[in-house]
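User: Can you walk me through how some of the pieces pack here?

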Amino acid sequence: MNAPVPKPWVMAIAPYVPGRATTDSGKPAAKLSSNENPFGTPQAARDAYAAAATELERYPDAGAVALRGALGAHYGVEPERIVYGTGSDEVLHLAAGAFAGVGDEIIYVRYGFAVYDIAARRVGATPVVAPDRDYATDVDAILACVTEKTKLVFLANPNNPTGTYTAREEIARLHAALPKSVLLVLDQAYTEYLEPGDDDGGLELARTQPNVLVTRTFSKIFGLASERVGWGYAHPDIIAAMHRIRAPFAFSIGAGRAAIAALGDKDFVEHSRAHNAQWRQWFADEIAGMGNKGVRAVPSKANFQLVLFEGEVTGEQAYKQLMEDGYIVRWLPGQGLPHGLRITIGTEEEIKGVAASLRRLLGA
């Protein structure tokens with residue numbers, strides 16, 4: 001029987017698997033699997049979203065003029081050099097769709113964000129995985145993978161799911177060594193969790209160089225994960241190409257207004273960042289104290305901690321025990337990390353509970 005046949009590169013995609021929201025038993029649990037903000041959403045953003053309910057019959061502004069203007073003022077970038085999308089995920093897909101295709105190659109780092117592989121395969125490009133350096137980005141390994149077929153390099157900073165960070169000097173070195181024909185995509189979904197001195201220089205590179213795209217999201221520190229608001233900043237020619245293939249109405253009127261309001265709540269953002277820094281370090285210290293039981297924490301600058309189980313207790317065992325104890329975390333066998341759990345830094349009570357659960361399991 002004849003029937004439509006999907007493209008082989010589409011069928012080669014392993015579908016994205018989101019963090020679980022429910023336990024095996026269905027009993028309530030703390031969700032620490034999707035790197036959401038434990039403090040929710042700024043009240044001003046909630047109010048702006050609710051007020052937009054009077055305009056449900058209207059299409060949102062296809063140019064997102066107000067949001068791009070607010071982003072420009074907040075980050076000191078030119079609004080006309082901003083593209084928006086349904087989360088930063090769509091912006092990543094737009095980059096691949098505009099600049100790569102069948103016969104091309106897209107590089108990303110081993111243990112990189114799962115969407116990079118999907119974005120490459122979706123357009124028929126070949127994903128090329130650069131070796132890591134103890135779970136962190138190895139610039140020389142990336143450069144060794146570059147060929148005449150390379151069109152994009154995806155690099156998250158901080159990286160997801162490892163939380164590792166690539167310093168400004170290394171980002172500059174990577175860019176300087178890449179051919180000008182290769183688009184360097186710096187995925188900065190977690191950048192607001194960095195200390196001010198940790199700026200990797202991505203926005204400045206995107207401002208001054210024709211082959212750098214920076215992507216960001218409102219899903220993390222701004223607490224708007226459900227509204228899927230993302231954006232990118234690059235040279236006007238890069239942005240113009242991406243605009244040609246983006247959806248005209250990526251998110252609702254309410255989502256756009258909530259994002260603008262969230263940008264203005266500096267106290268909420270700083271409180272979220274400071275809490276995360278304090279309890280991420282506390283949790284990393286707790287894991288270090290269990291090191292003789294075969295666990296270690298990969299150094300993280302994001303709002304999560306990757307914990308590796310390299311002893312008698314496996315990652316799967318720890319995942320199941322934490323779920324039984326009321327904590328849903330992210331087990332990562334599909335990303336080559338069957339021995340790893342990515343654990344969102346939740347509230348003080350939640351992260352202390354996770355540590356206590358692991359101590360009991362490990363006998364530490």
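Analyst: Handedness first: a crossing is left-handed if the near helix is turned anticlockwise from the far one by less than a right angle, and right-handed if clockwise. This is a predicted model, where local features need pLDDT of at least 70, side-chain atom pairs need 80 or more, and totals for chains, interfaces and linings use all residues. Numbering starts from 1 along each chain as its sequence is written, and side-chain values use heavy atoms, leaving out hydrogens and water.

User: Which hand does the crossing of α12 and α13 have?

Analyst: Helices (DSSP H or I runs, at least four residues) and strands (E, at least two) are numbered from the N terminus. Helix α12 (315-324) packs on α13 (348-362) at about 125°, axes 10 Å apart; axes are fitted to C-alpha atoms, for helices over the stretch in contact, and angles run 0 to 180 degrees between N-to-C directions. So α12 is oblique to α13 (not under 35 degrees, over 145, or 65 to 115). Their crossing is right-handed.

User: Which residues of α13 make the contact?

Analyst: Contact means heavy atoms within 4.5 Å. From α12 come Gln317, Ala318, Gln321 and Leu322, and from α13 Val354, Ser357, Leu358 and Leu361.

User: In the sheet, what is the bridge partner of phenylalanine 304 in β13?

Analyst: The open sheet runs β9-β10-β13-β12 with antiparallel pairing, and strands pair if DSSP finds at least two bridges between them. Strands β10 (304-309) and β13 (337-344) share five bridges. For phenylalanine 304, the partner is threonine 344.
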